[in-house]
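Q: Can you walk me through this one? I'd like to start with what the accessibility words stand for.

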Amino acid sequence: MEDGIGGLRHMLTTVFFSAFAGFMVVPVITDVTVAAVCSGPDDSCSLAVYLTGFQQVAIGMGTMIMMPVIGNLSDRYGIKTILTLPMCLSIVPPVILGYRRDTKFFYVYYISKILTAMVCEGTIDCLANAYVAVNIHGSTRISAFGILAGIKTIAGLFGTLVARFLPIALTFQVSAISFLVGLVYMRVFLQENIYDDDHHHGTYHQEDHHDSTNATMLAEPILNETPIKTQVFRKKYSSLKDMISLMKTSTIFFQALVVTFFSSFSDSGMESAFLYFLKARFGFDKKQFADLLLMITIVGSISQLFILPRFASAIGERKLLSTGLFMEFINMAIVSISWAPWVPYLTTLFVPGALFVMPSVCGIASRQVGPGEQGKVQGCISGVRSFGKVVAPFVFSPLTALFLSDNAPFYFPGFSLLCISLSSLIGFFQSLLIKDVPTPPLNKAINKTSGEDV
């Protein structure tokens with residue numbers, strides 16, 4: 001494996017093709033859903049909102065179970081092998097809507113999307129984060145996470161731009177082709193990465209020997225009373241006890257999971273409410289959705305590729321995490337009281353905040369274990385994110401449908417968005433509890449670890 005971030009180019013390319021295909025359908029799926037299940041093309045009926053919410057719940061429940069399993073399987077069989085399945089299944093839903101988009105075919109797509117997304121949703125991101133954590137060490141790891149997120153955002157930029165000009169049918173066809181190209185590229189060029197336990201320990205102690213002044217694998221603002229272990233998971237196979245053991249061992253990891261939940265809860269709520277709010281409040285259509293998403297992806301890609309790495313090295317991961325959550329809160333709070341169609345465009349200035357959160361969380365969590373458990377850790381994070389996606393639609397889909405209808409208890413179309421912003425505010429306060437203290441030297445910490453623990 002090539003050293004440095006340059007060695008990640010094949011994984012980054014795979015993520016680009018996958019994200020490009022996924023983002024292409026975002027600007028058009030709202031119009032397709034409304035046209036298939038509602039009485040008129042300009043109607044934002046409650047059925048469309050509830051269908052979207054139910055889909056998020058079903059997918060979230062599936063991924064909540066599957067993500068930790070997939071993470072553990074990637075540690076055992078290799079990332080490339082496990083990545084093949086979700087990339088194959090992702091091709092099916094866009095093929096269906098690329099063929100026809102009437103009510104019957106929409107429901108076929110709807111069911112197939114739920115079933116395939118239980119395995120595919122977030123899997124590529126989870127395995128890509130594990131791949132980065134295994135192969136990039138030290139202070140460059142948070143930059144690598146930022147670049148990975150930036151590549152995904154750039155893919156969203158191009159995907160949204162293409163969707164802006166393509167006919168709807170062709171949009172889904174190109175999406176399916178992009179998934180296929182990504183699958184073939186990954187199978188041909190991505191290097192397999194399988195380690196056994198002996199190699200894990202050898203690599204870990206070798207890093208410690210060559211970089212005694214720079215704490216690499218566990219260089220994390222960690223609590224003084226938290227014991228540091230080179231291998232938290234003692235068994236080769238996955239189990240719930242492994243996850244509980246890690247959360248008990250590392251207070252920081254547990255706090256990161258709490259922040260992950262509230263951030264995911266907010267993000268999923270936005271997926272349920274945001275586009276429907278804009279359609280009902282200001283009459284947005286496919287072109288305006290694409291323009292707005294285009295601005296979001298431009299700002300996001302610039303911030304993740306250029307701003308995030310510099311901020312991470314200057315202020316640290318924990319402060320970057322808190323900054324991102326607070327910006328996310330401000331963004332959604334302003335959108336909730338939008339008084340004109342240009343307000344959502346203005347709030348794209350706060351978009352970088354939301355995009356800082358997960359790279360910071362992944363960077364913090366990845367430092368709590370050695371290279372042999374990165375799949376488990378990233379799978380655990382993805383599982384918590386999925387749990388947030390399960391809970392959010394139960395709250396925000398009915399709330400959105402109620403306040404966008406004529407039966408709202410009071411006039412506040414963006415009330416659900418205001419509630420979503422409060423979830424980000426809770427995550428912000430939780431992030432402040434992660435103590436930012438000097439990291440103990442890695443050599444001393446490892447030497448104090450008993451042979452039995454290792």
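A: Sure: buried means under 20% relative accessible area, exposed over 50%, and partly exposed in between, using a 1.4 Å probe and protein chains only. The model is predicted, so local features need pLDDT of at least 70, side-chain atom pairs count only at pLDDT 80 or more, and totals for chains, interfaces and linings use all residues. Residues are numbered from 1 along each chain as its sequence is written, and side-chain values use heavy atoms, leaving out hydrogens and water.

Q: OK, is Phe415 buried or partly exposed?

A: Phe415 counts as partly exposed, at 23% relative accessibility.

Q: And what about Phe410, buried or partly exposed?

A: Phe410 is partly exposed too, with a relative accessible area of 41%.

Q: How do the rings of Phe410 and Phe415 sit?

A: They're edge-to-face, because their planes are at 85 degrees, with centres 5.6 Å apart. For Phe, Tyr and Trp (its six-membered ring), rings pair if their centres lie within 6.5 Å; planes under 30 degrees apart count as stacked, over 60 as edge-to-face and the rest as tilted.

Q: How many aromatic pairs by that rule?

A: The count is 21. One of them, Phe17 with Tyr185, is tilted, at 6.3 Å centre to centre and 50 degrees between the planes.

Q: Which of those two is buried?

A: Tyr185, with a relative accessible area of 18%. Phe17 is partly exposed at 22%.

Q: Which residues cluster with them?

A: Phe16, Phe20, Phe158 and Phe189 join Phe17 and Tyr185 in one aromatic cluster.

Q: Switching topic, how much of the chain is buried?

A: Of its 454 residues, 57% count as buried.
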